[in-house]
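Student: Before we go through the labels attached to this model, could we look at it together and then ask what justifies each of them?

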Amino acid sequence: MIGIDNTKEYFKESVQTHVINDSLVLRFNIKPKKSPLFKYLLVLNESETKINSKIPFFDIFSLNSWYTYKIMLKKLKKLNRKNIGIEIKIREIRNSNSYEVGKWIKSIKEINKFCKLTDNQLIISSGAETNYESISGHTFDSILRILEIEPMKYWNELEKWINTRAYYGPS
Amino acid sequence: MVLRRKDKRRYLLLYVNDEITTHFQDTNNRDKHESITILRKRFSELFGTIELEKASIKVIFENNLSSPHFLILKCNLESIDNMLCAIAFTSPPLTTIKISGTIKKLTSSIAIEI
């Protein structure tokens, strides 16, 4: 499953559109006025917003730093939105030093526990902005095993979550 | 009971990022050496020097690798998870393209991609 941020071209139909229709999920920061041809999810970034009761509808909350995750989880718990995705990008971890990588690993374990308790979904993504930053499925499985998460269970849960959460056109 | 003489190995085909190659524009594979140094350092920082030695990471230089961006590494099968994690957490990024049990299969896949 691929989530793409750069989405301009996915509003126009092409020859390949019907082939990749369900394997591609677009990521938007705000709800699109025009319906895209693919399923999409609304992503809220930690750095771009403050969590309060007036926060607009979103599907995924993207965490940026390991030292603010406890505060963010408390705020999300207070917000009480069910079935949202909490995203962690490998790109953020890659740019950290080894001490911080350890902190990230610990924080992801705790975020996973939080997600299980509150019926939310942990999303570990590459956060790739270029081709060479992309991460293979095999590597994701290894990272999940390091995080003490069973890969098969994780992928099944994520697939189920995307199928229930991602939608065509504005809801 | 048969005593296994050799540890099982895996060969990894990596793509070395432009950020490394532009810093080390040298035909003597210095860019590749640099990426290995970065990877080994990250591995030992994350999993310790004992695990690094157990992984026995080796660089394989193949004559038919025409692109300077490709790199083949060898490591123990038991350490493959740690190895892939270290690769994923390395900055500048290294990309794992393929994992194989034999070097022949790996090089044939490069021939197709090039």
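**Reasons behind the labels**

Tutor: Let us begin with chain B of this predicted model, where four strands form an open sheet in the order S2-S3-S1-S4, with antiparallel pairing.

Student: What makes S2 and S4 of chain B the edges of that sheet?

Tutor: Each of S2(B) and S4(B), the latter spanning residues 94–100, has a single partner strand, so one side of each is left without a neighbour in the sheet. From one strand to the next the twist averages 35°.

Student: How do you know that S1 and S4 of chain B pair, and in which sense?

Tutor: Pairing requires at least two bridges between the strands, and S1(B), residues 9–16, shares six bridges with S4(B), in the antiparallel sense. Within these strands, B:Tyr11 stands opposite B:Ser100 of S4(B). Helix H4 of chain B, residues 80–88, packs on the sheet and touches S1, S3 (70–76) and S4 of chain B, its direction making about 155° with that of S4(B).

Student: Why are H5(A) and H4(B) called roughly perpendicular to each other?

Tutor: The two helices pack at an angle of about 105°, with their axes 8 Å apart; angles of 65 to 115 degrees count as roughly perpendicular, and H5(A) and H4(B) therefore receive that description. Among the residues that make the contact are A:His138, A:Ser142 and A:Ile146 of H5(A), together with B:Asp81, B:Leu84 and B:Ala88 of H4(B). By class, this helix-to-helix contact has six nonpolar, three polar and two charged residues.

Student: Which element gives the largest share of the side of chain A that touches chain B?

Tutor: Taken over the two chains, 17 residues of chain A are in contact with 16 residues of chain B. The elements of chain A that give two or more residues to its side are H3 (90–94), H4 (98–118) and H5 (137–146), and the largest share, six residues, comes from H5(A). The residues on that side of chain A divide into seven nonpolar, seven polar and three charged.

Student: Why is B:Ile57 called partly exposed?

Tutor: A residue is buried if 20 or more other C-beta atoms lie within 10 Å of its own, and exposed if 12 or fewer do; B:Ile57 has 19 such neighbours, and therefore counts as partly exposed.

Student: Where is B:Ile57 found, and what is it in contact with beyond its neighbours within four places in sequence?

Tutor: B:Ile57 lies in the loop between H3 (49–55) and S2 (58–60) of chain B. Leaving those sequence neighbours aside, B:Ile57 is in contact with B:Arg40, B:Leu73 and B:Cys75. The C-alpha atoms of B:Ile57 and B:Lys74 are separated by 5.6 Å, although the two residues are 17 residues apart along the chain.

Note on methods: Residues are numbered from 1 along each chain as its sequence is written. Chains are lettered from A and ligands numbered from 1 in the order in which they are written. This is a predicted model: local features need pLDDT of at least 70, side-chain atom pairs count only at pLDDT 80 or more; totals for chains, interfaces and linings use all residues. Two residues are in contact if their C-beta atoms, placed from the backbone, lie within 7 Å. Ala, Val, Leu, Ile, Met, Phe, Trp, Tyr, Cys and Pro count as nonpolar, Asp, Glu, Lys and Arg as charged, and the others, Gly among them, as polar. Axes are lines fitted to C-alpha atoms, for helices over the stretch in contact, and angles run from 0 to 180 degrees between N-to-C directions. Angles under 35 degrees count as roughly parallel, over 145 as roughly antiparallel, 65 to 115 as roughly perpendicular and the rest as oblique.
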